[in-house]
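Here is a colleague's note to read beside the sequence and the structure. Please keep the display open and look up each residue as it is named.

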Amino acid sequence: MYLEHFKLKELPFRLSPDPAFLFLSQIHSRAKAYMESTIWFTDGFVVITGEIGSGKTTLIESFLKEIDQDVVVAQINQTQVSPIEFLQGLLAQFGFSPFRMRKAELLDTLNNFLIEQHANGRRVLLIIDEAQNLSNKVLEEVRLLSGVETTKEKVLRIILAGQPELHAKLDSDELIQLRQRVRLRFHLSALTESEMGAYILHRLRVAGSEDREIFEPDTFPLIFRYTGGIPRLTNTLCDTCLLSAFGSDVEKVDVEILRKVLRELQWQEYAGRTHTDLPATRIDDTSPQPRPPVGRVVLSKRGVTIDHALLVPGRFIVGRTTDNDMQIDSKFVSRHHMQLVTSVDNCYVEDLNSTNGVFLNGKRVRRHKLQAGDVIKLGMHEITYSPVDLPVEPGDDTYATRTTVLQDSDSDQDADDDESENEDDEQDESSYSSIARGS
């Protein structure tokens, strides 16, 4: 890898959120201050939105790292759930085992817990990331939770974080009552050109550059044109530039290397993109003039093939959320769990600081060069790698691959949950009213 070449202590442009690398631009500082306000104001209900890769999750992780010990936190990242699953997930965050409970039991347990925490002088905070994926029914549960109070103050503080679509959802007529509960809504915009340059230098310094010039100054305007100041895109582009400079055995990234990388990634200028036209290394049958693939991965579970994809030179991200190149919707898989870094000659698997790790042929690895037939295990799923020895023509139907979004909860949920949810829906208002009364 390029760490020794550039005399760095760690990778400066990882995609996984790391509070140690947090760069607080003016807009990020404001967003963090608004998050902190949920702790101090008893009517704290804040909505933070931002584009994919704008730094929401890193900001949340930094906020949680600095939070007072007397604050009890529940953080929910899996948002494609039913109301029952949402309440179960919330109680699981508080240390309960609620997966056999019906809705009335869930609400009673939550009631007792909140009253106990308030009586002991502890504040309770709920953070929901990727909140744009919540259904209206689940958002209604959030509204009811936000109304839980004693005679003097609210019991539960709430932060909703998500992509810009969350604003449109909150503005719908069906959620007018929830919208009225929100104290503050804030949009996390992209970095300015000067902030983006400072962001790159900040991450390099944290990684150990000691103010050595690794990117020549005239590369920054071009990086901004192609990333729009979005931190995740900036990370992807800068990391690939360092790989390219390492491969060319040069000590600095100049404009020539940057343009070479942009051609390899086939990126357009950011202003010409749409939200659905973000750069990715995945090939499908809608990609214009795709580069020849050099590798193939097959996703399976218990021997059943679920998805497959072809790899081209670049980075291929695997994780739980929809912004990955391959999505595995499983509680055992992190948001951005691992990446495959592919070149014409080889492919490396790299763990992106996942919670449950990456296992290659039964052995846990951080980074490892892949060989034909290697099996990567993520939780209950397996990814088998093989190189593509011969060029694949675009007309060949094996060349066209499509993502099969895997909806797999991997939980002990019983099949009768849907029935219990229907039976318990009528109890919403009265049950939450009993919480508010402290009964």
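1. A good place to begin is Glu 350, which is found in strand E11. Since the model is a predicted one, everything said below describes the prediction. With a relative accessible area of 3%, Glu 350 falls below the 20% limit and therefore counts as buried. Its C-alpha atom is separated by 5.6 Å from that of Arg 366, although the two residues are 16 residues apart along the chain.

2. Which side chains does the side chain of Glu 350 contact through polar atoms? One of them is the side chain of Arg 14, joined to that of Glu 350 by a polar contact of 3.2 Å. Another is the side chain of Gln 339, where the polar contact with Glu 350 is 2.9 Å.

3. Gln 339 also leads on to Arg 315, because the side chains of these two residues make a polar contact of 3.2 Å. Arg 315 lies in strand E8, and with 6% relative accessibility this residue counts as buried. A polar contact of 3.2 Å joins the side chain of Arg 315 to that of Asp 239 as well.

4. The strand that carries Gln 339 deserves a point of its own. Is strand E10, residues 338-342, enclosed or open? Five of its five residues are buried, so the strand is largely enclosed by the rest of the structure. In a regular strand the side chains alternate between the two faces of the sheet. In E10 both faces are covered, with Met 338, Leu 340 and Thr 342 buried on one side and Gln 339 and Val 341 buried on the other.

5. The partners of E10 can be described next. Strands of a sheet pair through backbone hydrogen bonds, either parallel or antiparallel. Strand E8, residues 314-319, runs antiparallel to E10 and is joined to it by five bridges, with Gly 314 standing opposite Thr 342. Strand E11, residues 347-351, also pairs with E10 in the antiparallel sense, over five bridges, and here the bridge partner of Met 338 is Asp 351. A hairpin of four residues links E10 to E11.

6. A separate point concerns the cysteines, since the structure holds zero disulfides. Cys 238 is in no disulfide, and the nearest cysteine sulfur, that of Cys 241, is 6.2 Å away. As a disulfide needs two cysteine sulfur atoms within 2.5 Å, that separation is too long for one. Cys 238 is buried at 0% relative accessibility, and Cys 347 is buried too, with a relative accessible area of 1%.

7. Turning to the sheets, six strands form an open sheet with antiparallel pairing, in the order E7-E6-E16-E15-E12-E13. Strand E7 (304-311) and strand E13 (363-365) stand at the edges with a single partner strand each, so one side of each is left without a neighbour in the sheet. From one strand to the next, the twist averages 30°. Within this sheet, strand E6 (residues 295-301) and strand E16 (residues 381-387) run antiparallel and are joined by seven bridges, and Gly 295 stands opposite Pro 387.

8. Another open sheet has five strands with parallel pairing, in the order E2-E3-E4-E1-E5. Its edge strands are E2 (71-76) and E5 (184-188), each of which pairs on one side only, and the twist averages 15° from one strand to the next. Six bridges join E2 to strand E3 (residues 123-128), and these two strands run parallel, with Val 71 opposite Arg 123.

9. Helices lie against this parallel sheet. Helix H6 (residues 136-146) packs on the sheet, where it touches strand E1 (45-50), E3 and strand E4 (156-162), and its direction makes about 150° with that of E4. Helix H4 (residues 83-93) lies across E2 and E3 and runs at about 140° to E2.

10. A last point is helix H5 (residues 103-119), which has 17 residues and reaches 24 Å from its first C-alpha to its last, close to the 24 Å expected at 1.5 Å a residue. Which residues of H5 are buried? Among them are Leu 106, Leu 107, Leu 110, Phe 113 and Leu 114, together with Lys 103 and Asn 111. The helix is followed by Gly 121, whose phi is positive, near 80°.

Note on methods. Residues numbered from 1 in each chain as written. Predicted model: local features only at pLDDT ≥ 70, side-chain atom pairs only at ≥ 80, totals over all residues. Heavy atoms only, no water. Buried < 20%, exposed > 50% of the residue type's maximum accessible area, 1.4 Å probe, protein only. Pairing = 2+ DSSP bridges. Axes fitted to C-alpha atoms, helices over the stretch in contact; angles between N-to-C directions. Expected span 1.5 Å × (residues − 1). Polar contact = N/O pair within 3.5 Å; in protein donor to acceptor, adjacent residues only side chain to side chain. Contact = heavy atoms within 4.5 Å.
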